[in-house]
Amino acid sequence: MARPDKAAAVAEITELFRGSNAAVLTEYRGLSVKQVKTLRRSLGENAQYAVVKNTLTKIAANEAGISSLDDLFAGPTAVAFVTGDPVESAKALRDFAKENPALIIKGGVLDGKALTADEIKKLADLESREVLLSKLAGAFKGKQSQAAALFQALPSKLVRTVEALRVKVEEGGAGTPAPAAEDEAAE
């Protein structure tokens, strides 16, 4: 029978897995307590960084429906449970790992899909959600402006064509048919 404290720890970690958009597993061997606190602060409010026991976390991940991480639970493991923008958290982890080579990103999961360490680094290279949304909005605005200019150009072109035709008829321009009344009078 499982001890109540271990069952409670598994339940807590399971809820963290279920409540997060992403989870990034790291090896923190060689980091001081001060460095881990700095890492937690750099992750901000979007993520919770927890040092975990491998066996309990493996059980919790499986209970949460994540079995793709089983191979990563070896050595000292800490998990960043991301509830906000996963790109920001991946950037914070990548930047911290550059400054502190003792932090090793093992892999993770994003919306139920397993990610390798390289994929997490690629995720960190993306622009933030807000920047991508603003670029998308700018593209939509540009397309709307193009459409508005096109719709505005059609009536204006029609008006210019009709005006040119009117001027040509008034001047008795070549190639215009003579009025029917003049033709009948001449006969």
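Let's start where two helices meet: α4 passes α5 in a left-handed crossing. Keep in mind that this is a predicted model. Helix α4 covers residues 86-99, and helix α5 covers residues 117-125. Their axes lie 8 Å apart, and the packing angle is about 110 degrees. Angles of 65 to 115 degrees count as roughly perpendicular, and α4 and α5 are therefore roughly perpendicular to each other. If you want to find the contact on screen, look on the α4 side for Pro86, Val87, Ala90, Lys91 and Arg94. Their counterparts in α5 are Ile120, Leu123, Ala124 and Asp125.

Stay on α4 for a moment and pick out Ser89, which sits in this helix. Is Ser89 buried or exposed? With a relative accessible area of 1%, Ser89 counts as buried, since the cut-off for that label is under 20%. Setting aside neighbours within four places in sequence, Ser89 is in contact with Leu43, Asn46, Ala47 and Val82. Two of those names come back below: Leu43 belongs to helix α2, and Val82 belongs to strand β3.

Now for the sheet. It is an open one, made of five strands in the order β2-β3-β1-β4-β5, with antiparallel pairing. Which strands stand at the edges? Those are β2 and β5 (residues 113-116); each has a single partner strand, so one side of each is left without a neighbour in the sheet. From one strand to the next, the twist averages 20 degrees.

Strand β3, residues 77-82, is a good one to zoom in on, as six of its six residues are buried. Thr77, Val79 and Phe81 point one way from the strand, while Ala78, Ala80 and Val82 point the other way, and all are buried. So what does β3 pair with? Strand β1 (residues 22-27) pairs with β3 in the antiparallel sense over six bridges. Strand β2 (residues 47-52) also runs antiparallel to β3, and six bridges join the two. Thr77 makes a handy landmark here: Glu27 has Thr77 as its bridge partner in β3, and Val52 stands opposite Thr77 too. Step along to Ala78 in β3 and you'll find Val51 opposite.Next comes helix α2, residues 33-43, where Val36, Leu39 and Leu43 are buried. Why do these three share a side of α2? They cover an arc of only 55 degrees around the axis, which puts them on the same side of the helix. Turn to the other side of α2 and you'll see Lys34 and Arg41, which are exposed. What covers the buried residues of α2? The cover includes β2, β3 and α4. Right after α2 comes Gly44, with a positive phi near 75 degrees.

Just ahead of α2, in the loop between β1 and α2, is Leu31. Leu31 has a relative accessible area of 13%, which makes this residue buried. Leaving out residues up to four places away in sequence, Leu31 touches Val36, Phe96, Asn100, Ala102 and Leu103. Take the pair Leu31 and Leu103: 72 residues separate them in sequence, but their C-alpha atoms are 7.1 Å apart in space.

That leaves helix α1, residues 4-19. This helix lies across β1, β2 and β3, and runs at about 45 degrees to β3. Helix α1 also packs against helix α3 (residues 54-63), at an angle of about 50 degrees and with the axes 8 Å apart. That makes α1 oblique to α3. The crossing of these two helices, α1 and α3, is right-handed. On the α1 side, the residues to look for are Lys6, Ala9, Val10, Ile13, Thr14, Phe17 and Arg18. They meet Leu56, Thr57, Ile59, Ala60, Ala61 and Glu63 in α3.

Conventions:
Residues are numbered from 1 along each chain as its sequence is written. This is a predicted model: local features need pLDDT of at least 70, side-chain atom pairs count only at pLDDT 80 or more; totals for chains, interfaces and linings use all residues. Side-chain values use heavy atoms; hydrogens and water are left out. Buried means under 20% relative accessible area, exposed over 50%, partly exposed in between (1.4 Å probe, protein chains only). Helices (H or I, at least four residues) and strands (E, at least two) are DSSP runs, numbered from the N terminus. Two strands pair if DSSP finds at least two bridges between them. The arc is that of the directions from the helix axis to the C-beta atoms. Contact means heavy atoms within 4.5 Å. Axes are lines fitted to C-alpha atoms, for helices over the stretch in contact, and angles run from 0 to 180 degrees between N-to-C directions. Angles under 35 degrees count as roughly parallel, over 145 as roughly antiparallel, 65 to 115 as roughly perpendicular and the rest as oblique. A crossing is left-handed if the near helix is turned anticlockwise from the far one by less than a right angle, and right-handed if clockwise.
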